[in-house]
Each structure stands twice: as structure tokens, then as C-alpha cells.
Amino acid sequence: MSSFDASEFLRGLDMANERVQHGARRGFVLSLAHLERKCKEAVPVETGTLAGTIVGAASTIQITPDGVAGHVAAGGGEAADYAIRQHEEPMQHSHPRPGVYAAKFVEGPLKAEGPKCMEVVADEIRGQLG
């Protein structure tokens, strides 16, 4: 599981303000959906089982006085051990799209897309504040 944490960005905003919370939640929902898509593009695909377990769920969003955080996870249920191996170990076999699939199929997109996700959250908060 990788976390998308905007606490540093949100420092200084009034997280008790309902409009800030609404904008932050909406920004995170959009960002988690985007990260989920990017992770599914990078996950190794043989049967599709692992890709089907990648979730960037709105239910993981936590708003506290200190900020907002959400999670993208992969490998639930039967795919848990397989997900850990595929995520943490270097690729041992070829794929139909070389250079596209990556061992760090959750962590990589999070690092690459993090700044874009922060922009989405900021834009949603700005939209709520007028």
C-alpha cells in the first residue's frame, strides 16, 4: 500500500472549514482514481488477477486537523503474496509491453503523479473557497 499524503501542502489551511474539507475530499477522490488507473497501466499482466485488486478507494481518505491522506493498495485476498513478489522483486520474465510494466507498480506511479495529484487537490480547494 502506498500513501498519498498532502499534509505538508495543507499546512496553514483551516482543516475545520467545511469547504476546505469538501475540496480536499473531492481532490483526493479524483487523485486516487487517477493513481489507480496509472497503477493498473504499470502492473504486470498475465491473468489480470493482480490488476483487479488495485484500489484507490475514497473510503481510505482521512481528514484530520493536520491534513488529509488516502491510500492506493494492491493485492487483496488471494493475490496478496503474488502482489508483494511482483511489487518488490525485479521482473524475472518478459512482458508484451517491455518498459511499461514495472516492479514498483504502485510506488512508481505515486512518485511520478504526486505533483499532479497535489495540483488537483489544490484546485478543488480553491474552487470551494471561491
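These exercises work through the fold, helix packing, core and salt bridges of a predicted model.

Residues are numbered from 1 along each chain as its sequence is written, and side-chain values use heavy atoms, without hydrogens or water. Local features need pLDDT of at least 70, side-chain atom pairs count only at pLDDT 80 or more, and totals for chains, interfaces and linings use all residues.

**Exercise 1. The fold**

Count the helices and strands, and give their order along the chain.

Solution.
- Step 1: Apply the DSSP rule: helices are H or I runs of at least four residues, strands are E runs of at least two, and both are numbered from the N terminus.
- Step 2: The chain has 4 helices and 3 strands.
- Step 3: Along the sequence they follow the pattern β-α-α-β-β-α-α.
- Step 4: Of the 130 residues, 40% count as buried. Buried means under 20% relative accessible area, exposed means over 50%, and partly exposed lies in between (1.4 Å probe, protein chains only).

**Exercise 2. The α2 and α4 pair**

Describe how α2 packs with α4.

Solution.
- Step 1: Two packed helices are described by the angle between their axes and the distance between the axes.
- Step 2: Here the angle is about 155°, and the axes are 8 Å apart. Axes are lines fitted to C-alpha atoms, for helices over the stretch in contact, with angles from 0 to 180 degrees between N-to-C directions.
- Step 3: The angle therefore makes α2 roughly antiparallel to α4. The classes are under 35 degrees for roughly parallel, over 145 for roughly antiparallel, 65 to 115 for roughly perpendicular, and oblique for the rest.
- Step 4: Sort the contact by class: 14 nonpolar, 6 polar and 6 charged residues. Ala, Val, Leu, Ile, Met, Phe, Trp, Tyr, Cys and Pro count as nonpolar; Asp, Glu, Lys and Arg as charged; the others, Gly among them, as polar.

**Exercise 3. The core**

Which residues have the most contacts inside the largest nonpolar core?

Solution.
- Step 1: Set the criterion: buried Ala, Val, Leu, Ile, Met, Phe, Trp, Tyr and Cys residues joined through side-chain atoms within 4.5 Å.
- Step 2: The largest such core has 22 residues, and V43, I54, V68, V72, F105 and I125 have the most contacts inside it.
- Step 3: α2, β3 (67-72) and α4 each give two or more residues to this core.
- Step 4: The largest share, 7 residues, comes from α2.

**Exercise 4. Salt bridges within helices**

How many salt bridges does the structure hold? Place three of them: E41 with K38, K111 with E107, and D123 with R126.

Solution.
- Step 1: Side chains of opposite charge can pair when their charged atoms come close. The cut-off is a side-chain nitrogen of Lys or Arg within 4 Å of a carboxyl oxygen of Asp or Glu.
- Step 2: The structure holds 5 salt bridges.
- Step 3: E41 and K38 pair at 3.7 Å between the closest N and O atoms. They lie 3 residues apart in α2 (residues 18-42), so about one helical turn separates them. E41 is partly exposed at 42%, and K38 is partly exposed at 28%.
- Step 4: K111 and E107 meet at 3.0 Å, N to O. They are 4 residues apart in α4 (residues 107-129), so about one helical turn lies between them. K111 is exposed at 60%; E107 is partly exposed at 26%.
- Step 5: D123 and R126 meet at 2.8 Å, N to O. They are 3 residues apart in α4, so they too are separated by about one helical turn. D123 is partly exposed at 45%, while R126 is exposed at 52%.
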